[in-house]
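Here's a short tour of one protein model. Keep the picture open as you read, and try to find each spot for yourself.

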Amino acid sequence: MRVTLLRSITAGLLLALSGCSSGSSPAGEAGGSGTMTAGTLTVGSDLTYPPYAYLDGKTPAGFDPDISRALAKASGLKSTFVDTRFEQLIAGLGTGHFDVIASDLYITDARKKQVDFIPYFTTGNSIVVQSSGDYRPAVVTDLCGKSVAVIKGGQIVEKLRGEASTQCEGKGEKAVDVREFGTDPEGTQALLSGQVDAQVTDGAVAKAAADKTGGRLTISSKTLIYPVQSGLAVKRGATELKKTLTTALDELKKNGTYAELLKKYNLGQAEGS
């Protein structure tokens, strides 16, 4: 009995000591913010995706890092970034590599089953082609039978292989030949080198690519293709963190920071904003 009692006391002491040890607070208890680490908002973002997210030297830059820092500051937190390729972001969130995804993640029904979203702007896609030559696709059905570069894991992959290709086949034409690339810059390089006929990417990304290539590329579409809202994504059921970020976003809207960032990056407000 004495041995059993001693073991019970020892176990209780160890448990108490472990509860007093320093280190990260559990999710949902980190200072009431819902972050994994007290005082820190850890952001997952694909830093190969200008102008949304990229590295300026060693510093994360672009719309998503800018608004993430603003959201963290409004929440009394510091921000840190984990550079993660786009197709791995949702998995990384699920395994606890970061608190939130801020990486122009389009809100879709399929993704709503995996994460909880906070809408934060509206965007869409544009078609980019080489300036030389006469090929000027304005709408998705102008891509029938053409090779098209897209970012791997993006919603546009499903749209072009599904909806657009169905339209093409309904006209008696070939489906869109969708070529996936790990990053948008890789897709742009494929277009510049003539490996593909066109690139379909986010409107702001398309503009940045066209501007940076000295006139070698041009946006041929006239309106945004498949307009969609983008959202900050947190784990399903992460109510405290979602509340923290939603409150912070409301604060940015009130103090004008939100409007300034949208104007800077030529983006639209999230629906209902």
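## Starting at Gln155

Let's begin with Gln155, which you'll find in helix H5, the stretch covering residues 155–170. Keep in mind that this is a predicted model. Is Gln155 buried or exposed? Its relative accessibility is 14%, and the cut-off for buried is under 20%, so Gln155 counts as buried.

Who does Gln155 touch? Setting aside its neighbours within four places in sequence, Gln155 is in contact with Tyr106, Thr108, Arg111 and Val228.

## A disulfide that reaches H5

Stay with helix H5 for a moment, since Cys168 sits there too. How many disulfides does a search of the whole structure find? Just one. The partners are Cys144 and Cys168, and their sulfur atoms are 2.0 Å apart. Cys144 lies in the loop between strand S7 (115–130) and strand S8 (147–151), while Cys168 belongs to helix H5, so the disulfide ties together parts that are 24 residues apart in sequence.

This disulfide has a handedness as well. The torsion about its S-S bond is about -85 degrees, so we call it left-handed. Both ends are tucked away: Cys144 is buried with a relative accessible area of 9%, and Cys168 is buried at 0% relative accessibility.

## Helix H6 and the glycine after it

Now look for helix H6, which covers residues 184–192. Which of its residues are buried? They are Asp184, Gly187, Thr188, Ala190, Leu191 and Leu192. Here's a handy bit of background: an α-helix has 3.6 residues a turn, so residues three or four places apart point the same way.

Just after H6 comes Gly194, where the backbone takes a positive phi of about 80 degrees.

## Rings in company

Time for some aromatic rings. The structure holds seven aromatic pairs. One of them is Tyr49 with Tyr52, a stacked pair measuring 5.7 Å centre to centre, with 20 degrees between the planes. Why does it count as stacked? The cut-off is planes under 30 degrees apart, so an angle of 20 degrees fits. Tyr49 is buried at 7% relative accessibility, and Tyr52 is buried at 1%.

Another pair is Phe63 and Tyr120, and this one is tilted: the centres are 5.9 Å apart and the planes make an angle of 35 degrees. Phe63 lies in helix H2 (residues 63–74) and Tyr120 in strand S7, so their pairing ties together parts that are 57 residues apart in sequence. Phe63 and Tyr120 are both buried. Zoom out a little and you'll see one aromatic cluster formed by Tyr49, Tyr52, Phe63, Tyr120, Phe121 and Tyr265.

## Charges over rings

Rings can also have a charge sitting over them. The charged end of Lys146 is placed over the ring of Tyr135, 4.9 Å from its centre. Lys253 does likewise with Tyr258: its charged end sits over that ring, 5.4 Å from the centre.

## Where two helices cross

Finally, go back to helix H2 and find helix H8, residues 239–255. Their axes come within 9 Å and cross at roughly 105 degrees. Angles of 65 to 115 degrees count as roughly perpendicular, and H2 and H8 are therefore roughly perpendicular to each other.

Which residues make the contact? From H2 come Ile67, Ala70, Leu71 and Ala74. H8 brings Leu245, Ala248, Leu249, Glu251 and Leu252.

Note on methods: Residues are numbered from 1 along each chain as its sequence is written. This is a predicted model: local features need pLDDT of at least 70, side-chain atom pairs count only at pLDDT 80 or more; totals for chains, interfaces and linings use all residues. Side-chain values use heavy atoms; hydrogens and water are left out. Helices (H or I, at least four residues) and strands (E, at least two) are DSSP runs, numbered from the N terminus. Buried means under 20% relative accessible area, exposed over 50%, partly exposed in between (1.4 Å probe, protein chains only). Contact means heavy atoms within 4.5 Å. A disulfide is a pair of cysteine sulfur atoms within 2.5 Å. Rings of Phe, Tyr and Trp (its six-membered ring) pair if their centres lie within 6.5 Å; planes under 30 degrees apart count as stacked, over 60 as edge-to-face and the rest as tilted. A charge sits over a ring if NZ of Lys or CZ of Arg is within 6 Å of the ring centre and within 35 degrees of the ring normal. Axes are lines fitted to C-alpha atoms, for helices over the stretch in contact, and angles run from 0 to 180 degrees between N-to-C directions. Angles under 35 degrees count as roughly parallel, over 145 as roughly antiparallel, 65 to 115 as roughly perpendicular and the rest as oblique.
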